[in-house]
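Let's take a friendly walk through a protein model, looking at its rings and its sulfur atoms. Have the viewer ready to follow along.

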Amino acid sequence: MGRLWVTAMATVLCTYLFFRWLPPLEPFSPTVFLTQLLFSPFRTWLAFACFLLGVAANGALLSIAVTGTVRLLSGRRLRLGQWLLSLASLGHFY
């Protein structure tokens, strides 16, 4: 259960940092994006790394949620707290 809490917090933190460190994309312009990539590469690469870590953590949470749902529907035992936490932590998509 402790590892699940760390995964959930890493998911939320990586999502926040990704959007915080990403260059501004309001009216998307390739020249502005490439200029930010050239003159601020560390920040942009950190945003990309946070994106990849966030996707991996979201995948783990989604896997737990789907596995728990299948176990619940098939009548097998499941860890209810772990399943509910994984479902609740996926709520940041909405």
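How many aromatic pairs does a search of the whole structure find? In this predicted model, the search turns up 3 aromatic pairs. A pair of aromatic rings is described by the distance of the centres and the angle of the planes. With that in mind, start with phenylalanine 18 and phenylalanine 51: their ring centres are 5.1 Å apart and their planes meet at 40°, so this pair is tilted. The angle falls between the cut-offs, since planes under 30 degrees apart would count as stacked and those over 60 as edge-to-face.

This pair also links distant parts of the chain. Phenylalanine 18 belongs to helix H1 (residues 2–21), while phenylalanine 51 sits in helix H3 (residues 41–74), and the two are 33 residues apart. Their surroundings can be described too: phenylalanine 18 is buried, at a relative accessible area of 14%, whereas phenylalanine 51 is partly exposed, at 41%.

Now turn to tryptophan 45 and phenylalanine 48, whose ring centres are 5.3 Å apart with planes at 80°, so the pair is edge-to-face. Both residues lie in helix H3, and because they are 3 residues apart there, about one helical turn separates them. Tryptophan 45 counts as exposed, with 54% relative accessibility, and phenylalanine 48 is partly exposed, with a relative accessible area of 26%.

Back at the tilted pair, there is a further ring to add: Phe18, Phe19 and Phe51 form one aromatic cluster. Phe51 has another role in the picture, as it joins Leu52 and Val55 in making a nonpolar surface patch of about 290 Å². Valine 55 is likewise found in helix H3, and it is partly exposed, with a relative accessible area of 44%.

Let's finish with the sulfur atoms. A disulfide is a covalent bond between the sulfur atoms of two cysteines. How many disulfides does a search of the whole structure find? The search finds 0. Why is there no bond between cysteine 14 and cysteine 50? The closest cysteine sulfur to that of cysteine 14 is the one in cysteine 50, and at 4.6 Å it is too far for a bond; a disulfide would need the sulfur atoms within 2.5 Å. Seen from the other side, the closest cysteine sulfur to cysteine 50 is that of cysteine 14. Cysteine 14 is buried at 9% relative accessibility, and cysteine 50 is buried at 10%.

Terms used. Residues numbered from 1 in each chain as written. Predicted model: local features only at pLDDT ≥ 70, side-chain atom pairs only at ≥ 80, totals over all residues. Heavy atoms only, no water. Phe/Tyr/Trp six-rings, centres within 6.5 Å; stacked < 30°, edge-to-face > 60°. Helix = DSSP H or I, 4+ residues; strand = E, 2+ residues; numbered from the N terminus. Buried < 20%, exposed > 50% of the residue type's maximum accessible area, 1.4 Å probe, protein only. Patch = residues over 30% accessible without salt bridge, like charges linked within 9 Å, V, L, I, M, F, W, Y side chains within 5 Å. Areas by Shrake-Rupley, 256 points an atom, 1.4 Å probe, with all protein chains shown as cover. Salt bridge = Lys/Arg side-chain N within 4 Å of Asp/Glu carboxyl O.
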